[in-house]
Amino acid sequence: MELFINCILLFWGGILFFFVTYQFIFFVLSVPALFLGKRAGEDLSARKTFGIIIPAHNEELLIGELVKSIQESDYPAELYEIFVIADNCTDRTAQIAREAGATCRERTDPIKRGKPYALNWLISQLNLDAFDAYVIIDADTLVARNFLTSMNISLTEGKKVIQGYFGVMNPDENWLTRLSILPGILKYKLHFPGKNLLGLSCPLAGNGMCFSSEIFKKYGWNVYSIVENWEYYVMLTLEGYVVVSNENAVIYSQVAKSLKTGESQRIRWSKGRLQVLLHYFGRLAAGGFRSGDLNKFDALVELMRPSYAIFFGWSVIYLLLCLFLHFSYAYSSFFVWIAVVVFAVQLLYFFSGLIIQRAPLKTWLALGMIPFYILWKMAITLKGLLSYGERKWVKTERHKSTK
C-alpha cells in the first residue's frame with residue numbers, strides 16, 4: 001500500500017512540478033522584459049490600414065459604446081473601417097451600429113449560429129486586399145485610445161498575428177470582478193513577454209486579435225469549435241505562424257459579475273480546450289517530432305496547462321496531503337519539499353503580478369475569497385468535462401458599461 005501511495009504522490013507531484021517549472025521559466029524571462037524591453041516609437045510613414053470586425057448577437061446595450069471607443073482612438077479615421085456583423089439579432093444591434101458610424105452586415109442563419117460562422121461569413125465576403133490587417137473585437141468591449149497604434153507598431157515590425165492585452169472593463173463591481181484582473185496580469189505581464197523573447201507562440205484570447213491580411217487570404221476563418229480562438233491558435237501553430245503578444249494594445253472586456261452568470265462561459269472554456277486538445281494532440285506531437293519545432297510542443301503544454309485557480313487548488317491539496325502523510329505516517333519529506341516549492345512559486349507569481357500592476361487594497365482583500373472561488377472553479381470544470389460531448393453555445397448575460 002505504501003508503494004502505491006508513493007507512486008501516486010510521485011506522479012501527482014511530477015505533474016505539478018512540470019507545470020510550475022514551465023510557469024517559472026517564463027516568469028523569470030518576462031520580468032526583465034517588462035522593465036527593459038521598451039518598444040520603438042511608431043513609424044508614421046508606415047501606418048497600416050485596418051478592417052475592424054465586430055461579431056455581435058443581440059448587443060444593443062454595448063455595441064454603440066464600442067464603436068465610439070474605436071472612433072475616439074488616436075489612429076487616423078481614414079485608415080480603418082468598422083464592420084459589425086449583426087448575427088441572428090432580434091434587437092436593435094444593427095440600427096445602433098449604423099447610427100454610430102459602423103458598416104453593418106446582417107446575417108440570419110438559424111442552423112449555423114455563433115461567432116465562428118459569423119466570422120467566416122463576413123471574411124468570405126470582404127475584399128481582403130482592401131486592408132493591410134484585420135482586427136477582431138467582441139461587442140462587450142472597449143478599446144484603449146492607442147490600441148490600433150500599438151497594433152500598427154507590431155505589424156511594421158513584421159508580425160503577422162498579434163494578441164492584445166485583455167483588460168477588465170468592470171473591475172470594481174465586486175470581489176469576483178476584482179479577482180478577474182489577475183489572470184490577465186499573469187498572462188500578459190508575467191508569461192507572454194517571455195514567450196515573445198523566445199519566439200514561442202502566445203495563445204489567442206478570442207478578443208483583441210490582429211491578423212495580417214495574408215492570414216485571412218490563406219485560411220479565412222475555418223474553425224468552428226466552441227473555443228474557436230484556441231483552435232485557430234493551434235491551426236496557425238501547425239502552419240508555422242507565431243502569435244505575439246502586445247501588452248500595449250489594450251482592450252477592456254466585460255467580465256461576469258456573479259458566479260452564476262459566469263458559469264456557462266467557464267464550462268464552455270474548460271470542455272472546449274479539452275476538445276481541441278484531443279482533436280489536435282496527434283498532429284501537434286507528430287509535427288513537433290518531425291520538424292523539431294518547439295512551438296508545437298509548447299502549444300500542447302498550453303492546451304494541457306490547467307487554469308491558475310485549478311492549478312493552485314490542486315497544489316494546496318497536494319501540500320496538505322503530503323504534510324499529513326509525513327507527520328502522521330512518516331512518509332518521505334521529499335514529497336513535502338516538492339509540494340512546498342510548487343506552492344511557494346505560485347505565491348511568488350501571484351503576488352508579483354499584483355505588485356507590478358499596483359493593485360488597489362480592495363483587490364488584495366478580495367484574495368480572501370480565493371478558497372471559495374477555487375472550489376467553485378473545480379466544480380464547474382468537472383461539470384464541463386462531464387458534458388464534454390455537448391457543443392451548445394450559451395450567451396453570457398451583459399449589462400450596461402459603467403467605464
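## Close-up views of the predicted model

**View 1. Gln346 and its surroundings in helix H14.** Gln346 is buried, with a relative accessible area of 1% (buried means under 20% relative accessible area, exposed over 50%, partly exposed in between, with a 1.4 Å probe and protein chains only). This is a predicted model, so local features need pLDDT of at least 70 and side-chain atom pairs count only at pLDDT 80 or more, while totals for chains, interfaces and linings use all residues. Residues are numbered from 1 along each chain as its sequence is written, and side-chain values use heavy atoms, with hydrogens and water left out. The residue belongs to helix H14 (helices are DSSP runs of H or I with at least four residues, strands are E runs with at least two, both numbered from the N terminus). Who touches Gln346, leaving aside its neighbours within four places in sequence? Val20, Gln23, Tyr308, Phe311, Phe312 and Ser315 do (contact means heavy atoms within 4.5 Å).

**View 2. Tyr308 meets Tyr349 across two helices.** The search over the whole structure turns up 31 aromatic pairs (Phe, Tyr and Trp rings, the last by its six-membered ring, pair if their centres lie within 6.5 Å; planes under 30 degrees apart count as stacked, over 60 as edge-to-face and the rest as tilted). Among them is the tilted pair of Tyr308 and Tyr349, at 5.9 Å centre to centre with 50° between the planes. Tyr308 sits in helix H13 (residues 308-329) and Tyr349 in helix H14 (residues 333-356), so this pair links distant parts of the chain, 41 residues apart. Tyr308 is buried at 13% relative accessible area, and Tyr349 is buried too, at 2%. Tyr349 also pairs with Phe350: the ring centres are 6.4 Å apart and the planes at 40°, so that pair counts as tilted. Phe350, like Tyr349, is buried. Zoom out a little and you get one aromatic cluster made of Phe24, Phe27, Tyr308, Phe312, Phe343, Tyr349 and Phe350.

**View 3. Helix H11 takes a bend at Tyr280.** Helix H11 (residues 259-291) bends by about 55° there (the bend is the angle between axes fitted to the seven residues ending at a residue and the seven starting there). After H11 comes Gly292, whose phi is positive, near 70°. Glu263 of H11 joins Lys383 in a salt bridge, 2.8 Å from N to O (a side-chain nitrogen of Lys or Arg within 4 Å of a carboxyl oxygen of Asp or Glu). Lys383 lies in helix H16 (residues 370-386), so the bridge ties together parts that are 120 residues apart in sequence. Both ends are partly exposed: Glu263 at 21% and Lys383 at 44%.

**View 4. Other salt bridges, including Lys160 with Glu214.** The count for the structure comes to 12 salt bridges. In one of them, the closest N and O atoms of Lys160 and Glu214 are 3.1 Å apart. Lys160 is in the loop between helix H5 (147-156) and strand E6 (161-168), and Glu214 is in helix H9 (residues 213-219), 54 residues apart. Lys160 is partly exposed at 33%, as is Glu214 at 26%. Asp293 and Lys296 make another bridge, 2.9 Å from N to O, and here Lys296 counts as buried, at 8%.

**View 5. Lys195 faces a ring and joins a salt-bridge network.** Lys195 lies over the face of Phe26, at 5.8 Å from the ring centre (NZ of Lys or CZ of Arg within 6 Å of the ring centre and within 35 degrees of the ring normal). Lys195 is also linked with Asp298, Glu302 and Arg305 in a network of salt bridges. Elsewhere, Arg47 sits over the face of Tyr75, at 5.5 Å from the ring centre.

**View 6. Strand E8 pairs with E5 and with E6.** In strand E8 (residues 243-253), 9 of the 11 residues are buried, so the strand is largely enclosed by the rest of the structure. Strand E5 (residues 141-143) runs antiparallel to E8, joined by 3 bridges (strands pair if DSSP finds at least two bridges between them). Leu142 has Tyr252 of E8 as its bridge partner. With E6 the pairing is parallel, over 8 bridges. Val168 stands opposite Ser253 of E8.
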